[in-house]
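Reader: I have just opened this one and have not looked at it before. Could you walk me through it, starting wherever you like?

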Amino acid sequence: MGSLSEIYSKLPDSMDDLPPPPNAEAVELADFRARHWRSPVTGPLKPGSDAHKRAMADMFRDTFNPYRPSVIAWPKLDPATLHKVVSLPIWDIAVQTEGKARLRMAAYAALIDDPDVKDAISRNAWEENRHKEVLAKMVAAYNIPMAPEPPYIEPKDVEWAYLVTGFSECVDSFFAFGMFELAKRSGFFPQELTDTFEPIMQEECRHILLFANWLAWYRATMPWWRRPYFEAKVLAVWGFLIYERLSLVRTVDDKGQVHTQDNNFTVTGTKEVANIDITLPDFMDLCLQEDDRRFAGYDSRLLRPKAAPFIARVLRGAGRCWEFASGMVKANRR
Ligand SMILES: [Fe+2]
Ligand SMILES: [Fe+2]
């Protein structure tokens, strides 16, 4: 695929060409603005209305952070930490997911006529590319062995590909919020690394906020006769995501080394990023709290993604019932 400027001419192709911040206050202000936004319009923001669509696009543009995430002088890691970082089974999938997201969002944005929505989704593609650049530079700095990246091929069904990326981001980001907080609390990684990835986490929160509102806008403005086909497609996307998450991805690199990638790492990898023992219900609680915290600064009239928090509540409830039942059994045995 071509250069990013073909997709989005308002920002330079590479994050390296963005203007540097004038001072530390500008960095702090940009960070605050990226996390807080409210529409000056009064009254409800009904999906399908012009006011809702403008609010969604303005939110995405106004909360863009030109300074973060950025590439840092990667800290020197002690051998044990370096080993832990290098052996996390996420790097291939992380780099490829960002690459795929960039491509799919750009391809979808190219089909959109509405200038506000086109601007937002194109910028989202640009931001995915910045995530990929940060990851690629970290992978190079720590010499993390990578499987070769597959070619990024333009999807045939662009809408399907955009839906797959959007819904997976909603699920993955939700659990990544909890996982990231756990890693931060455990002090497992040096602070420079968590500080570098923090703005990426918040950008993912903005991305899924945009996706949830785009979806509502799209549904509300689509002709009624397209709706049944679209809803069937959404269901098929969920089916595909469940299937994908039930499998591990195995690829072989040019040295014959097998790379196993865990699509569910954001849920199953808590032990690998934190030396804290946490039960499943407690982890779900943490994800729900972090989700609330990250969304709290944005206009409450904009819709939030609901599926992942719903899954988390179900898992938390089931986990608590299990804990209660096994506690009773143990007590009766004594
Ligand atoms: Fe991303
Ligand atoms: Fe994203």
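Reader: Let me pick a spot, then: which residues does P309 touch, not counting residues up to four places away in sequence?

Author: This is a predicted model, and in it P309 touches F174, L288 and D291 once residues up to four places away in sequence are left out. P309 itself is found in helix α13, which covers residues 307–333.

Reader: Is P309 buried, exposed or partly exposed?

Author: P309 counts as partly exposed, because it has 17 C-beta neighbours inside 10 Å. There is also a long-range pairing to look at, since the C-alpha atoms of P309 and C170 are separated by 9.6 Å while the two residues are 139 apart along the chain.

Reader: Stepping back a little, how many helices and strands are there in the chain?

Author: The chain has 13 helices and two strands. It is 334 residues long, and 32% of those residues count as buried. If you take the contacts in the chain with a separation of 6 or more, residues 24 or more positions apart account for 82% of them.

Reader: You mentioned C170, so what does the helix around there pack against, and at what angle does α7 meet α8?

Author: Helix α7, residues 158–186, packs with helix α8, residues 191–221, at an angle of about 150°, and their axes are 9 Å apart. That angle is why α7 is described as roughly antiparallel to α8. The crossing of these two helices, α7 and α8, is left-handed.

Reader: And which residues meet there between α7 and α8?

Author: From α7 the contact takes in G166, E169, C170, S173, A176, F177, F180, A183 and K184, and these meet T194, F197, M201, E204, C205, H207, I208 and F211 in α8. Sorted by class, the residues of this contact of α7 with α8 are ten nonpolar, four polar and three charged.

Reader: What about α12, then: at roughly what angle do α7 and α12 cross?

Author: The axes of α7 and helix α12, residues 280–295, cross at roughly 100° and come within 8 Å. That makes α7 roughly perpendicular to α12. On the α7 side the residues are F174, F175, F177, G178, E181 and L182, and they meet F283, L286, C287, E290, D291 and R294 in α12. By class, this contact of α7 with α12 has seven nonpolar, one polar and four charged residues.

Reader: I see F177 named in that list, so which residues does F177 touch, again not counting residues up to four places away in sequence?

Author: With those sequence neighbours set aside, F177 touches M201, C287, E290, D291 and R294. F177 is found in helix α7, and the C-alpha atoms of F177 and L286, which are 109 residues apart along the chain, are separated by 8.5 Å.

Reader: Why does F177 count as buried?

Author: F177 counts as buried because it has 26 C-beta neighbours inside 10 Å, and the cut-off for that class is 20 or more.

Reader: Changing topic, how do α3 and α6 pack?

Author: Helices α3 and α6 pack at an angle of about 30°, with their axes 9 Å apart, and they are therefore roughly parallel to each other. Their crossing, that of α3 and α6, is left-handed. The contact is made by K53, R54, M56, A57, F60 and R61 of α3 together with D116, V117, D119, A120 and R123 of α6. The residues of this contact of α3 with α6 divide into five nonpolar, no polar and six charged.

Reader: Is α5 mostly covered or mostly open?

Author: Helix α5 is mostly covered, with 16 of its 21 residues buried. From its first C-alpha to its last, α5 (residues 91–111) reaches 31 Å, which is close to the 30 Å expected at 1.5 Å a residue.

Reader: Now the backbone: which peptide bond is cis, with omega near 0°?

Author: The peptide bond from R68 to P69 is cis, with omega near 0°. P69 lies in the loop between α3 (50–62) and α4 (79–87).

Reader: And what is phi of N143 near?

Author: Phi of N143 is near 55°, a positive value in a residue other than glycine. N143 is found in the loop between α6 (115–141) and α7, and N143 is exposed, with 9 other C-beta atoms within 10 Å.

Key. Residues numbered from 1 in each chain as written. Chains lettered and ligands numbered in written order. Predicted model: local features only at pLDDT ≥ 70, side-chain atom pairs only at ≥ 80, totals over all residues. Axes fitted to C-alpha atoms, helices over the stretch in contact; angles between N-to-C directions. Helix = DSSP H or I, 4+ residues; strand = E, 2+ residues; numbered from the N terminus. Parallel < 35°, antiparallel > 145°, perpendicular 65-115°, else oblique. Left-handed = near helix turned anticlockwise from the far one by under 90°. Contact = placed C-beta atoms within 7 Å. Nonpolar A, V, L, I, M, F, W, Y, C, P; charged D, E, K, R; others polar. Buried ≥ 20, exposed ≤ 12 C-beta atoms within 10 Å, placed from the backbone. Expected span 1.5 Å × (residues − 1).
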